[in-house]
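I opened this one to see how the two chains are built and where they touch. My notes follow, in the order I looked things up.

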Amino acid sequence: MKHDEITCKRLILESLVEYEDGSMPEPDRHELERHLAHCPPCIVFLKSYRATGRTLKMLKPREIPKNLAEAVMSFVRARCDKKE
Amino acid sequence: MRRIKRGDDQAFREMVDRYNARVYSLSYGVLRNSEDAEEATQDAFLTLYRKIGTFDESKKFFSWFYRVALNAAYSRARRRKPAITVSLEDYVPRFRDDGHAASPEFAAFVEGAEDEAIAKDLAERAEGFIAELPDAYRDVIWMVDVEEMKPADVAETLDISIAALKSRLHRARLFVRQRLLEVAAVAQTGDAERRVAP
């Protein structure tokens, strides 16, 4: 990836996942960061993308019903002949 | 695994204790209803109990069992009224012809997400937006971003390539991001109107 090939579209639609998950090769990462350093719209986009990720993580921990394991065991026992 | 195959109840109980919360949470991601998610969890473990003999021990157990769990949840979901899903293309960011962005956006959502109460509200909205996604995208974003499962494990569970997983994950995130932006924009307009109201 060369610096002059990076557009906002390419960065946002094609490169962002690998940039964020750390799997992007270092030279590409460097070029992408050069673009980011001079592109306020992409910086704003990146912040919003990360804010989306943080928001999704707030969905955990989900409340698990009390005695779920017991309910599962009773359900399975009721439906299975233990000779199985 | 072998103990369960031999009919060892204690081993099955240990499996239930170990996996029930994750299976419930995966089911909830599909069904978004506690009662349905609990029933789907029971279905999944019943299938596990009955089909454990067909499990190939050269494969990873969790990916096999999570597929069983997702199937149980989708089977239950199919009995309900079909959900309306969206076209993701409508939520992909737009660019100028030269490929660059037209203008900055989304600042309001970032500011809102810093505030705990607003962030909580946005998270609740996000859960609804995830439910609007087509199944293939919903599974990926729920498992990676909400459940925080490793992408490689999710790809194996869903039997898709890492490249396909990343592509779906990104599309799903772009959709949720854009929907949250819309919510933030409406909230901001409402605040401004309340401020100018007599």
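Before counting anything, I fixed what counts as an element: helices are DSSP runs of H or I with at least four residues, strands are runs of E with at least two, and both are numbered from the N terminus. I also kept in mind that this is a predicted model.

**Entry 1, chain A overall.** I counted elements in chain A and got four helices and zero strands. Read along the sequence, the pattern is α-α-α-α. Then I checked burial: of the 84 residues in chain A, 23% are buried.

**Entry 2, H1 of chain A.** H1(A) covers residues 8–21, which is 14 residues. I took its span from first C-alpha to last and got 19 Å, close to the 20 Å expected at 1.5 Å a residue. Where does H1(A) bend? I found the bend at A:Ser15, and it comes to about 70 degrees.

Next I asked which residues of H1(A) are buried. The list is A:Cys8, A:Leu11, A:Ile12 and A:Leu16. A reminder to myself on spacing: an α-helix has 3.6 residues a turn, so residues three or four places apart point the same way.

I also looked at what comes after the helix. A:Gly22 follows H1(A), and its phi is positive, near 85 degrees.

**Entry 3, a positive phi at A:Asn67.** I went looking for positive phi outside glycine and stopped at A:Asn67, with phi near 60 degrees. This residue sits in the loop between H3 and H4 of chain A. Is A:Asn67 buried or exposed? I counted 10 other C-beta atoms within 10 Å of A:Asn67, so it is exposed; the cut-off for that is 12 or fewer.

**Entry 4, where the chains meet.** I listed the contacts between the chains: 37 residues of chain A are in contact with 45 residues of chain B. On the chain A side, the elements giving two or more residues are H1, helix H3 (40–57) and helix H4 (68–79). H3(A) supplies the largest share, 15 residues. I then sorted the chain A side by class and got 24 nonpolar, five polar and eight charged residues.

**Entry 5, chain B overall.** Chain B has nine helices and zero strands. From the N terminus on, I read α-α-α-α-α-α-α-α-α. Buried residues make up 37% of its 198 residues. I also checked contact range in chain B: among contacts with a separation of 6 or more, 68% are between residues 24 or more positions apart.

**Entry 6, H2 of chain B.** Helix H2 of chain B runs over residues 9–31 and bends by about 50 degrees at B:Tyr19. Just after H2(B) comes B:Arg32, with a positive phi of about 55 degrees.

**Entry 7, B:Gln42.** I picked B:Gln42, which lies in helix H3 (residues 34–51) of chain B. What does B:Gln42 touch, leaving out residues up to four places away in sequence? I got A:Ala71, A:Val72 and A:Phe75. B:Gln42 has 24 other C-beta atoms within 10 Å, so it is buried; the threshold is 20 or more. Its C-alpha is 8.9 Å from that of B:Tyr24, 18 residues apart along the chain.

**Entry 8, H7 against H8 in chain B.** I took H7 (residues 135–146) and H8 (residues 151–158) of chain B as a pair: they pack at about 145 degrees, with axes 9 Å apart. The crossing of H7(B) past H8(B) is right-handed. From H7(B), the residues in the contact are B:Asp139, B:Val140, B:Met143 and B:Val144, and they meet B:Pro151, B:Val154 and B:Leu158 in H8(B). By class I counted six nonpolar, no polar and one charged.

The loop between H7 and H8 of chain B holds B:Glu148. Its phi is positive, about 55 degrees, although B:Glu148 is not a glycine. B:Glu148 counts as exposed because it has 10 C-beta neighbours inside 10 Å.

**Entry 9, B:Glu182.** Last stop was helix H9 (residues 162–196) of chain B, where I found B:Glu182. With 14 other C-beta atoms within 10 Å, B:Glu182 is partly exposed. I also looked up its distance to B:Glu156: the two are 26 residues apart in sequence and 34 Å apart in space, C-alpha to C-alpha.

Methods: Residues numbered from 1 in each chain as written. Chains lettered and ligands numbered in written order. Predicted model: local features only at pLDDT ≥ 70, side-chain atom pairs only at ≥ 80, totals over all residues. Expected span 1.5 Å × (residues − 1). Bend = angle between axes of the 7 residues up to and from the residue. Contact = placed C-beta atoms within 7 Å. Nonpolar A, V, L, I, M, F, W, Y, C, P; charged D, E, K, R; others polar. Axes fitted to C-alpha atoms, helices over the stretch in contact; angles between N-to-C directions. Left-handed = near helix turned anticlockwise from the far one by under 90°.
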